[in-house]
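Welcome! Here is a short tour for anyone opening this structure for the first time.

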Amino acid sequence: MLKKYVAIIIMLCCLATAWGQNGHKIALHADSLHQPYSDPLSPGMSGAIVEKGKLIYSTTQGKANPLEDAVVNDRTLYNIGDLAKQFTSYGLLRLIADGRVQRRDHLGQHLPQLPAWKDQVTIDHLLNHTTGLNNVALMHLIVGETGSALSQSRALELINGQQDLAFAPGTSFSQYDSETESILMAALIEAVTALPFAQFMREEVFAPLGLDDAVIAMHNDLIGGNLAWSFQKDDQSELSLVPMDDLTVGANNTFMSLRDLSRWYTLLTENSRDPLIEQLDVPVRNSAGNPYWSSWGRMTQGRSYWHHERGIPMYWQFGLNGAYGVNAFRWPEQQLAGIAMGNNSRYNGYPAMFQVEPLLQEHFLYPSQIGVADIPVIDLPTSELSRWAGEYFYEEEGQIRKIEVRNDTMWYVRPSSSLPLYPLGDNRFQLLLGSDDLVFFEFWINDQGQKGYTFFFGEGEPYQYREIPSASEDISLDEFEGTFINSDWGLMVESGSQEGALVLSMSLKDPIRFRHVHGDFFSSNSPLFSGLHFERKGGKIDAFRVLRLGAHMRFEKR
């Protein structure tokens, strides 16, 4: 018996030694990624690795407060941006679990001040991102004053302004990064509980979960506490505050420490999880039961994006606001998560992802960067490549993309860059982005003889682009000119022609130039209105619709 106990003790000691050595290697690797942020005079960075419900690595670097020389520690607060959405969903799921609301409730039962669609949109549509509402952040860019921050009251005004839904609730999905549903969840929670949203979240979400530092607030209200200020250092080492561009709650402005966010990911990666946390990983679905596959991945009710990263399943979330950048990656099969939080005006995805690489190396099926040597490229003569050259149009977004052949190579041309396409077959090509992303183009000719291509990005839904006829149509821009009104938001635009282009002018905005595509379709490179589709009545221009996901708008001619 004594020999048995001695053997067990020796085995446990060996395991502890092996883990200690492995843990040391992980820490050395992770430290090397965070080291560039170690200058105490630079903005801060905090990072953590969580495995199977335990924090196995954490670090804090840099400066929290530029005025008092305060350095970052594990209780320093960062604005977590869009990561706030998962906690808002959790709060609403808590109300459902307690029987205070039901998924089938129409919004009008709790928010009677909303427009007529309040009796069509349900709580279930909010959670499943299927409301048919515009992205309020995008609408603010279109309707609001350039450079102004979006407040909660203004967001609700813009939401109330929409009278016509983009689609029947449940039949499709809102724009993948829309804030509207989460902002309405916050308003709904306030109406049902008769508590300020921040108080409800503190008392019924953060405190029960053990997130002791978490708070919903505005940046300036937290100055004076242990806050990582939103600031940046320029090339001359001058420091300046970076204002928040989003002041909403529900979708943003949750502040958390590294200790809290690490605690949250221990709950997400442990063996036995809270049933409400389990629901956050449930894919959003439309009324037909189909999930939402965007280019970021398959969206969940917790607003994370599930996809395969280098061949293994992963959930991803990120948040950006002011100088804050927060990233979190979670591998459910390995029960592993990597977190990075910064007030350094950076995305911070690289340290969040690659700090966990030693723990995933044996699981990855593909390299972190796919190169030409990794794909089965074939030789195609220039004549074969040239038959796919031309300009192509994606009608839903009003986008034009160009395919060119230069020096025996086919190129994908965007307004800001050109990238080579590598042939895998007569009509199938691969685009390399210097990452593990799988991007393919499949060209085709339909029964009517029209060319086009289908664009595949990762596991997201494919997009179809159709070739723009090379022969220019005989049109007169005069018939597209005039004054157009959008009554929902009280917008007026002037449409005119200038140097062969259609120009849209709107108060407080730079004029937008559009080129004619075909028929009554126009396209621009503007982030506001990427395309227009004019409508006719009795053969004459009567109105136009904006071609932009998340901005369902119709302007009528005055």
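The notes below go through a helix, the nonpolar cores, a barrel and some salt bridges.

This is a predicted model, so please read each statement as a description of that prediction. A good place to begin is helix α4, which is largely enclosed by the rest of the structure because six of its eight residues are buried. From there we can move on to the cores, where I142 of α4 turns up again.

**Helix α4 and its surroundings**

- Helix α4 covers residues 136-143, and its buried residues are V136, L138, M139, H140, I142 and V143.
- These buried residues pack against two helices, α5 (152-161) and α6 (180-193).
- They also pack against the strands β6 (150-151), β27 (491-498) and β28 (501-506).
- The N-terminal end of α4 is capped by N135, which places a side-chain oxygen 3.1 Å from the backbone nitrogen of A137.

**Nonpolar cores**

- The largest nonpolar core has 97 residues, and those touching the most other members are I142, W264, Y265 and F529.
- Helix α6 gives this core its largest share, seven residues.
- Beyond its neighbours within four places in sequence, F529 is in contact with I142, L504, M506, I512, F514, S524, V546, M553 and F555.
- There is also a second, separate core of 25 residues, with V284, F329, L336 and A340 among them.

**The barrel**

- Eight strands form a closed barrel with antiparallel pairing, in the order β18-β19-β20-β21-β22-β23-β24-β25.
- On average, and with direction ignored, neighbouring strands of this sheet are turned by 30 degrees against each other.
- Within the barrel, β21 (residues 418-423) pairs with β22 in the antiparallel sense over three bridges.
- Y422 has Q430 of β22 standing opposite.

**Salt bridges**

- How many salt bridges does the structure hold? The count is 26.
- One of them joins the side chains of R259 and D212, at 3.9 Å from N to O. R259 sits in helix α9 (residues 258-269) and D212 in the loop between α7 (197-209) and β7 (215-216), so this pair ties together parts that are 47 residues apart in sequence.
- Are these two partners buried or exposed? R259 counts as partly exposed because its relative accessibility is 34%, while D212, at 56%, counts as exposed.
- E442 and R428 form another salt bridge, with their closest N and O atoms 2.4 Å apart. This pair links distant parts of the chain, as E442 belongs to strand β23 (residues 439-445) and R428 to strand β22 (residues 428-431), 14 residues apart.
- Relative accessibility is 28% for E442, which is therefore partly exposed, and R428 is also partly exposed, with a relative accessible area of 28%.
- The side chains of E479 and R536 meet in a salt bridge too, at 3.0 Å from N to O. Here the link runs from the loop between β25 (463-467) and β26 (482-486), where E479 lies, to R536 in strand β31 (residues 531-537), 57 residues apart.
- E479 is partly exposed, with a relative accessible area of 34%, and R536 counts as partly exposed at 35% relative accessibility.
- Finally, E535, D542, R545, R554 and E556 are joined into one network by salt bridges that share partners.

Terms used: Residues numbered from 1 in each chain as written. Predicted model: local features only at pLDDT ≥ 70, side-chain atom pairs only at ≥ 80, totals over all residues. Heavy atoms only, no water. Buried < 20%, exposed > 50% of the residue type's maximum accessible area, 1.4 Å probe, protein only. Helix = DSSP H or I, 4+ residues; strand = E, 2+ residues; numbered from the N terminus. Contact = heavy atoms within 4.5 Å. Polar contact = N/O pair within 3.5 Å; in protein donor to acceptor, adjacent residues only side chain to side chain. Salt bridge = Lys/Arg side-chain N within 4 Å of Asp/Glu carboxyl O. Core = buried A, V, L, I, M, F, W, Y, C linked by side-chain atoms within 4.5 Å. Pairing = 2+ DSSP bridges. Axes fitted to C-alpha atoms, helices over the stretch in contact; angles between N-to-C directions.
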